[in-house]
Amino acid sequence: LGAFLEKNGGDLLESKGFVASKLGNSTIQNGIVVYASPDSSKTFFRATIKGLEPNTSYKVRAFAKNRGGIKYSKDASFTTLP
């Protein structure tokens, strides 16, 4: 997965990555969280989500966290292979 961060609210990012779930609108508190790869840039980041069930639909969204809070992207959908 990859995402592009347009704005950071003026503060340094504490963390960024993706959160996935079967239901959607997941958060870092209730979804499968994968933090961005260490080689990610300040604006583009990527990660690999492991351990998902086969032939299952998931919703995923990017997140970025700084001292101002956590912001999430809109959900995107995908289905894992059988």
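**Strand content and aromatic pairs of the model**

The secondary structure of the protein comprises zero helices and seven strands, so that, read from the N terminus, the order of the elements is β-β-β-β-β-β-β. The model is a predicted one, and its confidence across the protein averages a pLDDT of 86, with 84% of the residues scoring at least 70. Among the strands, the mean confidence is lowest in S1 (residues 2-4), where it stands at 71, and highest in S7, where it reaches 95.

Of the 82 residues that make up the protein, 34% count as buried. The surface that the protein exposes amounts to about 5600 Å², of which carbon and sulfur atoms supply 53%. When the contacts with a separation of 6 or more are considered, residues 24 or more positions apart account for 58% of them.

Four aromatic pairs are present in the structure. One of them is formed by tyrosine 58 and phenylalanine 78, whose rings are stacked, with 5.7 Å from centre to centre and 20° between the planes. This pair links distant parts of the chain, since tyrosine 58 belongs to strand S5 (residues 57-66) and phenylalanine 78 to strand S7 (residues 76-79), the two residues being 20 apart. The two partners can also be described by their accessibility: tyrosine 58 has a relative accessible area of 3% and is therefore classed as buried, the cut-off being under 20%, whereas phenylalanine 78, at 26% relative accessibility, counts as partly exposed.

A further aromatic pair is made by phenylalanine 63 and tyrosine 72, and here the arrangement is tilted, with the centres 6.4 Å apart and an angle of 50° between the planes. The angle explains the class, because stacked planes are under 30 degrees apart and edge-to-face planes over 60, with the rest counted as tilted. Phenylalanine 63 is buried, at a relative accessibility of 2%, while tyrosine 72 is partly exposed, with a relative accessible area of 26%.

Both of these residues also belong to one aromatic cluster, which is formed by Tyr35, Phe63 and Tyr72. Tyrosine 72 has, in addition, a charged residue over its ring: arginine 61 lies over the face of tyrosine 72, at 4.3 Å from the ring centre. Tyrosine 72 thus appears in the tilted pair with phenylalanine 63, in the cluster that includes Tyr35, and beneath arginine 61.

Notes. Residues numbered from 1 in each chain as written. Predicted model: local features only at pLDDT ≥ 70, side-chain atom pairs only at ≥ 80, totals over all residues. Heavy atoms only, no water. Helix = DSSP H or I, 4+ residues; strand = E, 2+ residues; numbered from the N terminus. Buried < 20%, exposed > 50% of the residue type's maximum accessible area, 1.4 Å probe, protein only. Contact = heavy atoms within 4.5 Å. Areas by Shrake-Rupley, 256 points an atom, 1.4 Å probe, with all protein chains shown as cover. Phe/Tyr/Trp six-rings, centres within 6.5 Å; stacked < 30°, edge-to-face > 60°. Lys NZ or Arg CZ within 6 Å of the ring centre and 35° of its normal. pLDDT = per-residue confidence, 0-100.
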